[in-house]
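User: I am new to this structure and would be grateful for a close look at a single part of it. Please describe that part and then relate it to what surrounds it.

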Amino acid sequence: MAQQLSVFLENAPGRLNRLAGTLGEKGINMHALFVADTSDFGVARIICDRTEDAVSALRDEGFSVTTTEVTAVEIPDTPGALGKLFEVIADANIDVSYSYCFVEPMTKKAVNFCRLKSPHASEIIEEAGFRILGDNVFHDA
């Protein structure tokens, strides 16, 4: 499992810039970022190298931040690999709330972050031959 930040953002110019700038000023590295929006607000989902420091820095700047555990699954960066992961998840009847990927070009491996609605999802995924990464995702990969 990995720790993910969810940061709620008003849909206004400069909000994402302020978020990224705040983390950069504190020396916090964002490894993965996914932004989804509605007409009124957006949610930035972030995997970074120093979760607790990031939460503190963002809250100090007035951002609304929560942390969530997500399942980080290492997969090959090859055609069909992500489909095989989702096949395992579907065959186990596990609901996926959301998912996003990061690819490390140097290693040719990808990390797929999933919010899964099953307490046994990690075990099922590992039994299928995938590697679940721990809290320090980018040092485990």
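Analyst: The part chosen here is α3, where A90 and D91 are exposed (over 50% relative accessible area, with a 1.4 Å probe and protein chains only). Residues are numbered from 1 along each chain as its sequence is written. The model is a predicted one, in which local features need pLDDT of at least 70, side-chain atom pairs count only at pLDDT 80 or more, and totals for chains, interfaces and linings use all residues, while side-chain values use heavy atoms, with hydrogens and water left out.

The element α3 spans residues 81–91; helices (H or I, at least four residues) and strands (E, at least two) are DSSP runs, numbered from the N terminus. Its buried residues (under 20% relative accessible area) are A81, L85, V88 and I89. They lie on the same side of α3, because the arc that they cover around the axis is only 95°, as judged from the directions from the helix axis to the C-beta atoms. A90 and D91 are on the other side. The cover over the buried residues includes β4 (64–76), β5, β6 (109–116) and α4 (121–127), where contact means heavy atoms within 4.5 Å.

Just after α3 comes N93, with a positive phi of about 60°. Most residues other than glycine have a negative phi. N93 belongs to the loop between α3 and β5 (96–104), and this residue is exposed, at a relative accessible area of 70%.

Two of the strands that cover α3, β4 and β6, are also joined by a salt bridge (a side-chain nitrogen of Lys or Arg within 4 Å of a carboxyl oxygen of Asp or Glu). In this pair, the closest N and O atoms of E74 and K109 are 3.9 Å apart. Because E74 lies in strand β4 and K109 in strand β6, the pair ties together parts that are 35 residues apart in sequence. E74 is buried, at 12% relative accessibility, whereas K109, at 36%, is partly exposed (between the limits for buried and exposed). Together with R131, these two residues are linked in a network of salt bridges.

The count of salt bridges comes to six. Another of them joins E61 and R18, with the closest N and O atoms 3.6 Å apart. This pair links distant parts of the chain, since E61 is in the loop between α2 (51–60) and β4, and R18 is in helix α1 (residues 15–25), 43 residues away. E61 is partly exposed at 38%, as is R18 at 32%.

β4 also comes into view through T71, whose C-alpha atom is 6.2 Å from that of A2, although the two residues are 69 apart along the chain. A2 lies in strand β1 (residues 2–10) and is buried, with a relative accessible area of 0%.

Finally, the cysteines form zero disulfides (pairs of cysteine sulfur atoms within 2.5 Å). For C48, the nearest cysteine sulfur is that of C101, 18 Å away. The sulfur of C101 is itself 7.5 Å from the closest cysteine sulfur, in C114, and is therefore too far for a bond. C48 is buried, with a relative accessible area of 8%, while C101 is partly exposed at 40%.
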